[in-house]
Amino acid sequence: MMEFIGRSAELQKLQNQVRTNNFSFSLIYGRRRVGKSELVHQLLKTTEVKSIYFECKQVAEANNAKSLGEIVSECLGLPQLGYTDMESLLKYLFRYAENENLVLVLDEYPYLRQSVKGMDSILQSLIDTYRTESKLKIIILGSYVEIMKSLIEHSNPLYGRVDLVIHLKPMDYYESSLFYPGFSSEDKVRIYSVFGGIPYYNQLVDDTKSVKENIMELIASPQARFENEVTGYLNAEIKKIMNANEVFEALAKGYTKYSDILSQSHVSSGPTLIDVLEKLISMEIVEKTVPINAGDNKKRAGYEIADNLSLFYYRYIFKYSSQMKIMDPDVFYTRYIENDFETQYVPLRFEKICKQYLIRENRAGRIEPVIEKIGKYYFDNPKEHKNGEFDIVTEDENGFVFYEVKFRKMPVTESMVQQEISQVEETGLNCYKYVFFTRNGLEANCKNVEEISLETLYK
């Protein structure tokens with residue numbers, strides 16, 4: 001059995017809810033495969049409170065009620081319950097828990113909500129009726145992020161009834177690396193660049209094999225484990241998959257601005273593109289970015305694929321799917337992935353890792369003065385008649401700090417450092433410190449210049 005990794009803060013919050021001697025209602029949501037069910041399974045393993053776990057199905061109400069009733073009978077040592085509607089069965093559980101603590105987990109709650117008319121109102125009414133008498137602890141989970149978020153909005157009957165909300169997000173680079181401790185720091189960067197922070201993906205990574213072998217076995221070969229993972233996830237939530245594919249292809253090529261995405265893709269209109277982008281953002285696989293100095297300037301906003309596996313898939317697998325089907329996996333990898341992956345793809349993902357490192361250190365109180373803003377920095381350079389963005393700039397009480405990320409084989413030289421500093425100064429960005437993230441060292445001794453090594457990221 002695999003060791004449970006990460007999620008310690010979320011697990012602690014859930015344990016606190018379960019330990020209470022009163023009624024509690026917890027809601028957990030997050031994208032598919034992010035580890036919601038596994039988190040709850042770990043909770044149930046660590047508590048002595050009686051618990052009932054039920055995965056809701058896309059079936060009629062009577063079918064769900066019958067299935068849950070069978071689990072209730074088994075868990076509580078009762079004769080077969082004959083309930084055919086969810087309200088009566090849930091009412092029974094609320095009343096049963098008047099005498100003892102009981103945990104009820106409803107996984108994939110949106111399916112239940114779909115099959116039971118007025119499910120939210122039913123639950124709200126039962127909570128209001130029994131909250132002071134019952135010791136029931138309800139935990140509902142869901143992968144449809146938009147639906148789960150709507151449950152805590154003012155217009156929903158359940159508004160104000162939820163005691164704990166956990167938005168479970170992908171793990172950062174560091175927690176993800178705990179799934180494959182046998183890799184070198186460099187290879188941890190490469191693997192994270194492909195599989196990101198999704199525990200389901202990372203538990204299948206084999207650190208006794210090479211990065212290339214893992215990529216070929218898990219995604220870059222016909223019938224690979226994740227060959228259809230990305231499209232399957234999208235098809236489950238998006239009606240017009242063609243538009244999503246168009247947008248992903250444009251993003252995977254590095255187009256980030258709305259106007260560029262519209263011109264590069266074959267999406268029919270601006271409003272359609274906005275709809276697609278908003279849907280992908282709600283699914284947490286695309287993110288909208290705004291430079292830290294852009295304020296409310298919408299023209300400066302950009303869009304990026306937030307999910308590493310989706311980015312890898314559209315950059316290599318979707319693009320070259322016809323070739324992959326008729327080529328030897330090793331030849332396919334060498335021809336279409338290897339060079340671009342090492343020289344372009346991983347260095348760009350490494351920037352995200354370095355940003356996560358800074359946020360991680362800042363939250364832990366290890367950066368002084370504390371970072372108040374982090375992100376891209378937009379600049380205009382009138383002399384050169386050009387504009388652009390610096391990828392990582394932070395702002396604190398002393399001013400700006402510029403970060404340059406180098407995932408290159410050779411050390412960073414003093415001339416490279418001076419060149420970067422002069423480029424920054426030309427734009428008018430006044431920084432009091434420059435920091436270089438390096439893979440193989442910094443050969444420079446300059447004032448106000450610091451280095452963060454690759455190994456430091458994984459200490």
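**Exercise 1. Determine which residues stand opposite leucine 27 in the strands beside E1, and describe how E1 is paired and covered.**

Solution. Leucine 27 faces isoleucine 140, a residue of strand E4. The model examined here is a predicted one. On the E5 side, valine 165 is the bridge partner of leucine 27.

Next, consider the strands as units. E1 comprises residues 24-29 and is joined to E4 (residues 136-142) by six bridges, the two strands running parallel. E5 (residues 164-167) also runs parallel to E1, with four bridges between them.

Finally, examine the cover. Six of the six residues of E1 are buried. On one side these are Ser24, Ser26 and Ile28; on the other they are Phe25, Leu27 and Tyr29, so that both faces are covered.

**Exercise 2. Classify threonine 438 as buried or exposed, and identify its surroundings.**

Solution. Begin with the location: threonine 438 belongs to strand E12, which spans residues 431-438. Its relative accessible area is 1%. Buried means under 20%, and therefore threonine 438 is buried.

The residues that threonine 438 touches, leaving aside those up to four places away in sequence, are Lys406, Val412, Glu451, Ile452, Ser453 and Leu454. In addition, a polar atom of the threonine 438 side chain lies 3.3 Å from the backbone nitrogen of glycine 441.

**Exercise 3. Classify histidine 266 as buried or exposed, and find which side chain it joins in a polar contact.**

Solution. Histidine 266 is placed in the loop between helix H14 (258-264) and helix H15 (270-282). Because its relative accessible area of 64% is over 50%, histidine 266 counts as exposed.

The side chain of histidine 266 is joined to that of glutamate 246 by a polar contact of 3.2 Å. Asparagine 243 is 23 residues from histidine 266 in sequence, while their C-alpha atoms are 7.6 Å apart in space.

**Exercise 4. Locate the residues other than glycine with a positive phi, arginine 33 and glutamate 108, and the cis peptide bond from glutamate 368 to proline 369.**

Solution. Most residues other than glycine have a negative phi, and most peptide bonds are trans.

Arginine 33 has a positive phi near 75 degrees. The residue is in the loop between E1 and helix H2 (36-45), and at 28% relative accessibility it is partly exposed.

For glutamate 108, phi is positive at about 55 degrees. This residue is in the loop between strand E3 (102-107) and helix H5 (109-115), and its 14% relative accessibility makes it buried.

The peptide bond from glutamate 368 to proline 369 is cis, with omega near -5 degrees. Proline 369 is in the loop between helix H19 (338-363) and strand E8 (373-381).

Technical notes
Residues numbered from 1 in each chain as written. Predicted model: local features only at pLDDT ≥ 70, side-chain atom pairs only at ≥ 80, totals over all residues. Heavy atoms only, no water. Buried < 20%, exposed > 50% of the residue type's maximum accessible area, 1.4 Å probe, protein only. Polar contact = N/O pair within 3.5 Å; in protein donor to acceptor, adjacent residues only side chain to side chain. Contact = heavy atoms within 4.5 Å. Pairing = 2+ DSSP bridges.
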